Every structure is written in C-alpha cells, then in structure tokens.
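This report describes how a protein surrounds its ligand. Please examine the sequence and the structure shown below before reading on.

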Amino acid sequence: MNAGIVGIGRYVPEKVLTNADLEKMVDTTDEWIRTRTGIEERRIASDDIDTSDMAFYAAEKALTNAGVLAEELDMIIVATVTPDNPFPSVACLIQERLGAKKANAFDISAACAGFMYATITAKQFVEAGTYKNVLVVGVEKLSKITDWQDRNTAVLFGDGAGAAVIGPVSEGRGILSFELGADGTGAKHLYQDENIIMNGREVFKFAVRQMGESAVNVLEKAGLTKEDVDYLIPHQANIRIMEAARERLGLPEEKMSITINKYGNTSAASIPISLVEELENGKIKEGDLIVMVGFGGGLTWGAIALRWGR
Ligand code: UT7
C-alpha cells in the first residue's frame, strides 16, 4: 500500500506586516530584507488567534478537500514549536474542535522540518495498514516568540498553518521516498530562550548544504534523477538558500515554489502553505513529481519525493 496526500488546506492570518512597517520598529531597510531574504511582507496572528486556531482552520479545509470526515480520522499529528501551551498538545485541542473522536493525537517538535517529520510518521502508519486517515498539520505562531527589538530575527518570521490528510493512494502515486535527519551538535545555532535566538550565518551554511543534499538523496532512493523533477517545494527560509537548492537540482526558476515574499518564514507551515498555493495556481498537476525539502532548529532536516495524485 502507498501513502500519499489525499487533501490539503492552509490558513494565514489577515494582518499583513510589511518591510516598511518593520523599518519603523528596528534598524533595517526594505532593501536589506528583500535582497538578503526575499521577504516583502509576512502575516501576523492577532492576540485572539492562537496556534490551535490556525491549525483548526487549515485542518478543516484539508478534510473538506480530501472528502474525509473528522470522525474518520485515525490519528492527528501536529508539527509546531509554538503550541498554545506545553500541554495539552495542539493535536488534542483540534481533535476536540474537529470532533475527531476516534483519532489519537500528539504534537512533534522538529522546528521547520516538522511537516516532513509528521508526514513521514503518518506514512508509516498508513503503509503498515494500521490507519487509513491521518491528519498532519504544520503550524506556527512565531510572532509570540519573536523579539521585536532584534533585527536579526524580527524581519524573518511569520504566522500560518498548512494541513494535509495522509491516506492510501493508488500504485505509483504518493510518497516514493524520504529522508529524515538530525544533528544535535548544531542545537546551539537556533533555539528558543524565551525568544528565538539564531546564528544566521551558521544556519545558512548548514541549510545550503543540507537542502541540496537531501533533495538529491530522495531522488536517488526513488530511483529517479534530477530530470524527473517537475516541481520543488523548499522550506521558505531565505530565497538565497532556496535558490541554492534549485540550482543543485538544475531546475529552471519556474519549477520552484516561492511564497516567502508574502509570508516570510512560517517554519513548519511553510511547505504545506506553499503546496496549497501552487496547486491553486495550477503549477502542480496530476502525476507530477514533487520534491519537498525542509530544515530547521535541532538541527533537523527532511525531504520527500512525491508523485502527486490519488
Ligand atoms: O527556518 C530556519 C531558520 N533560519 C534560517 O534559515 C536563517 C538562515 N540565515 C539567513 O537567512 C541569513 O543568515 C540572514 C538573513 C539571517 C542574515 O543574512 P546574512 O547575509 O547572513 O547577513 P549577516 O548575518 O552576515 O549580516 C550582514 C550584515 C551585518 O552587519 P555587519 O556586521 O556586516 O555590519 C548585520 O548586522 O547585515 C546586518 N543585519 C541587518 N541589516 C539590516 C542583520 N540583520 C539586519 C537587518 N537589517 N534586519
């Protein structure tokens, strides 16, 4: 049995924070942010919208898109580093709100690679035949752990959620291969100590190397080559890191998703948000080979080669 994505949904808050707004908050310029990161604006959740609210909205859309009822869910996995509270998990909060009575539920912490970790975990249960419908959500309200006085980090992050239902798909479709990895020796480069602390240059170097390498590895594992790739969805952390991954795969510009300009870095939410947008834009079609690749605090990384369709 093959596991794949059978439905998707996303939610981003309405409030837009532009680079011009940030110029008034920290010593930065629109020019610096655009050229160094590719970000033009990001969404910020209001005080009355917490992580579980965004997760719930994205999840509802994914269920509708999949044609799966909440009561049919067997498992809910939420990838986040900004839960409403350390416990209960965001997964339990949305289980109740969705009415997914028979689903077990838990959160995982793998930072920006979280959606890759959650999706691969779901795949194992589906392919083993244990479960049929698993909801995975990547969601962050990074604005609540951002130091708005620190220009090194304040310009980078945004809030949002993306969700997918992982279930059985026909032969040749779905997740063809994956890679997951971690290197705890790099934990010191990106962590939360009340707010986000980051050694940007170290994370940058790691990301440029790892994104390209993981993308190539999943292709090899699937018995495919760079030429087979129809679309690349990289974690939206920095346009320069993303371009490096695209060049490593030898892909033309139009074959990579760019949503960082609108949403900034939404951590675990960035890959599923981008996936939804590119499907809506008609960039991804039935039968396309998609490579998704993420990296983040931990340090962690993950990649998936997926043949789109049910
Ligand atoms: O999801 C995973 C999480 N994180 C990442 O993926 C981040 C990876 N790293 C990056 O994206 C980049 O390293 C940054 C965007 C964070 C920084 O870009 P950079 O090209 O590596 O800049 P830098 O840290 O080398 O700093 C260059 C200069 C410094 O000034 P000096 O020392 O050359 O005088 C910084 O102080 O830019 C300065 N700077 C800024 N200037 C204006 C740093 N932040 C800003 C800012 N506005 N917001």
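In this predicted model, an N or O atom in the side chain of Arg-201 lies 2.5 Å from an oxygen atom of the ligand. Of the accessible area that the ligand has on its own, 950 Å², the protein covers 77%. Two further contacts involve a nitrogen atom of the ligand: one is made by a polar side-chain atom of Thr-28, the other by a backbone N or O atom of Gly-200. The table sets out the three contacts.

| Residue | Protein atom | Ligand atom | Distance |
|---|---|---|---|
| Arg-201 | side-chain N or O | oxygen | 2.5 Å |
| Thr-28 | polar side-chain atom | nitrogen | 2.6 Å |
| Gly-200 | backbone N or O | nitrogen | 3.0 Å |

The surroundings of the ligand comprise 22 residues, of which Thr-28, Arg-36, Arg-201, Asn-238 and Asn-265 come nearest. By residue type, this shell consists of ten nonpolar, seven polar and five charged residues.

Which helices supply at least two residues each to the shell around the ligand? They are α2 (30–37), α6 (151–154), α7 (200–221) and α8 (239–248). The largest share, four residues, is supplied by α7.

Finally, the location of the ligand may be described at the level of the whole protein. The ligand sits in the largest pocket. Because domain 1 (2–169) and domain 2 (174–307) both give residues to the shell around the ligand, the ligand lies between these two domains.

Methods:
Residues are numbered from 1 along each chain as its sequence is written. This is a predicted model: local features need pLDDT of at least 70, side-chain atom pairs count only at pLDDT 80 or more; totals for chains, interfaces and linings use all residues. Side-chain values use heavy atoms; hydrogens and water are left out. A residue is near a molecule or strand if one of its heavy atoms lies within 4 Å of it. A polar contact is a pair of N or O atoms within 3.5 Å; within protein, one must be able to donate a hydrogen and the other to accept it, and residues adjacent in sequence count only if both atoms are side-chain atoms. Accessible areas come from the Shrake-Rupley method with a 1.4 Å probe; for residues, only the protein chains shown count as cover. On a 1 Å grid over the protein atoms alone, a cavity is a set of points where a 1.4 Å probe fits but cannot get out, and a pocket is an open set with protein on both sides within 12 Å along at least five of seven lines; lining residues have an atom within 4 Å of a point. A molecule sits in a cavity or pocket if more than half of its atoms lie within 2 Å of its grid points. Ala, Val, Leu, Ile, Met, Phe, Trp, Tyr, Cys and Pro count as nonpolar, Asp, Glu, Lys and Arg as charged, and the others, Gly among them, as polar. Domain bounds come from an automatic or database domain assignment.
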